[in-house]
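Colleague: I am new to this structure and would like a close look at a single part of it. Could you choose one helix and take me through it with care?

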Amino acid sequence: MKKTCFITVRIIVALVPLLLAACSTNVVVSGDYPSALTKPLPYHVGLVLNNSFTQYTFKSEEEQDVTMALGQSQSKLFDRVFTDIFANKSRLQTVTKQTATTPNPIDLMIVPSVEEVQLAMPFETRLNVFEVWIKYNVQVFNGDGEPIADWLMSAYGKTQTRFLKSEEAALNQATTSALRDAGVRLIVGFKHIPEIRDWIEHQQKEQQQKNKVMAQNGDPS
Amino acid sequence: MKGFYCSQIFTRTLFPILFPITCLAAVFLTGCSTSTIIDEYKVTDTHLDLHQGEQVVIMGRRHAGEYETEPDFINCIGGRLANGGQLNVMPEQEFLDSFYPWFEPRVAPLKLKRMSRMLEDPMIAERIKSLGIRYMVWVDGNTETTDKSGTFSCAVGPGGGGCFGFASWDKASIYEAIVWDLKQLDEKGRVKVETKGSSYMLAVGAPIPFIAQVQSDACEGIGNRLKGFFLEGAPAESTTPASVPKRDSERMLDHRGMIKS
């Protein structure tokens, strides 16, 4: 009798975590992002993806437990996008001041971070769609390590329907779609940020002046 | 004597069971048929040129917040238009990836004027040329449930389970396809399709669904008409009068795709 009770308790103890896990949604976001069809800017960019970005996990405990690991997928997207929109790209650990002796100096340094993630699930909205909003803060520094722009950028993605899909698959699809939208905003909008536009204009003027001086000195290059 | 006995079994036992089932099946099968109205406009009655190596791409509109054109529906039209390899149709996702980010919902051109401005970018124009994209068909619309009624419930017990009840729902598909010629930068025509249908679920023990194929009928209607833009002898040619330009050619299709007229 005592042995039967012991076995029953052990089974219950083993089943409780399983039942609790069944009530929560865990997603590791995975998606592929295509190359951008765009003319790269002629600068060397340094991308700083710190641990809080590369291992970012969104957790929600409102009504339903949702855990969404999107760090790897968003790192993949940012890596892809900045490779495509600049002529040269390097990964950096931190924002560092470029000295005159630095070989192949970096012109701009980018530090993205996640400001906010919001989910809308069918049980909340009564709609057959999953929606995801991601708000990023893209900080931009010049070669001297001085901040030149602080761009708050939001992206949105949704699934068409929840039918025939698990919650995990639907959330993965909605998040991938939001990340794809973030890519659109970066590719189309980055060079139109007023501070970045001014910086590019300034660089172009400096380059023109350099070319003029070189032409006056009779330098053929 | 034996024959008389058999006919008595039939009239007394089997007939009372089979007759209502047959009647119900007949009612539901006619009930779950769909009706389709197609409105077509063509700029010219000649077939659209599509040379060797040129292809068509079919794209869904997804810029509106409240709905988006279903990717499955776009694939369905693409399949119909490809017609077993007669037309080269580029899959939507492949096109979106090749031109990323220029045809994503946030920035996709809504009008031809914007498209022509986009083609001024040499990178986009070169990619269009290298892939041989001649026509772009934009499909806008969706399928939604317009009405629901009835209820049924299922239960499972130690001795078995079963369902009981009746439910019905109506679905409506409204789509419009616009054909753009990327070489001449003009619109070649439009096809609008409206399909409606009712579905039923009868549950006496096991649930028996009678589903109206609303979206697939809309796909068939729009796909066949679009095929008529490019191919000779396609269904659109045989069902519409050859006047230029054409409008308001309406046909009713039942759930098997037969023309009711």
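Modeller: This is a predicted model, so a word on confidence comes before the helix: the mean pLDDT of chain B is 82, with 77% of its residues reaching 70 or more, while over residues 236-261 of chain B the pLDDT stays under 50. For the model as a whole, the scores are ipTM 0.84 and pTM 0.81.

The part I would choose is helix α2 of chain B, which runs over residues 71-82. This helix has twelve residues, and the distance from its first C-alpha to its last is 16 Å, close to the 16 Å expected at 1.5 Å a residue. Its buried residues are Phe73(B), Ile74(B), Ile77(B), Gly78(B), Arg80(B) and Leu81(B). When one looks down the axis of α2(B), these buried residues fall within an arc of 165 degrees, and therefore they line one face of the helix.

As for what that face meets, the buried residues of α2(B) pack against several elements of chain B, namely the strands β2 (55-60), β3 (89-90) and β4 (133-157), together with the helices α3 (92-98) and α6 (214-230). Just after α2(B) comes Asn83(B), which takes a positive phi of about 50 degrees.

Notes:
Residues numbered from 1 in each chain as written. Chains lettered and ligands numbered in written order. Predicted model: local features only at pLDDT ≥ 70, side-chain atom pairs only at ≥ 80, totals over all residues. pLDDT = per-residue confidence, 0-100. Contact = placed C-beta atoms within 7 Å. Helix = DSSP H or I, 4+ residues; strand = E, 2+ residues; numbered from the N terminus. Expected span 1.5 Å × (residues − 1). Buried ≥ 20, exposed ≤ 12 C-beta atoms within 10 Å, placed from the backbone. Arc of directions from axis to C-beta.
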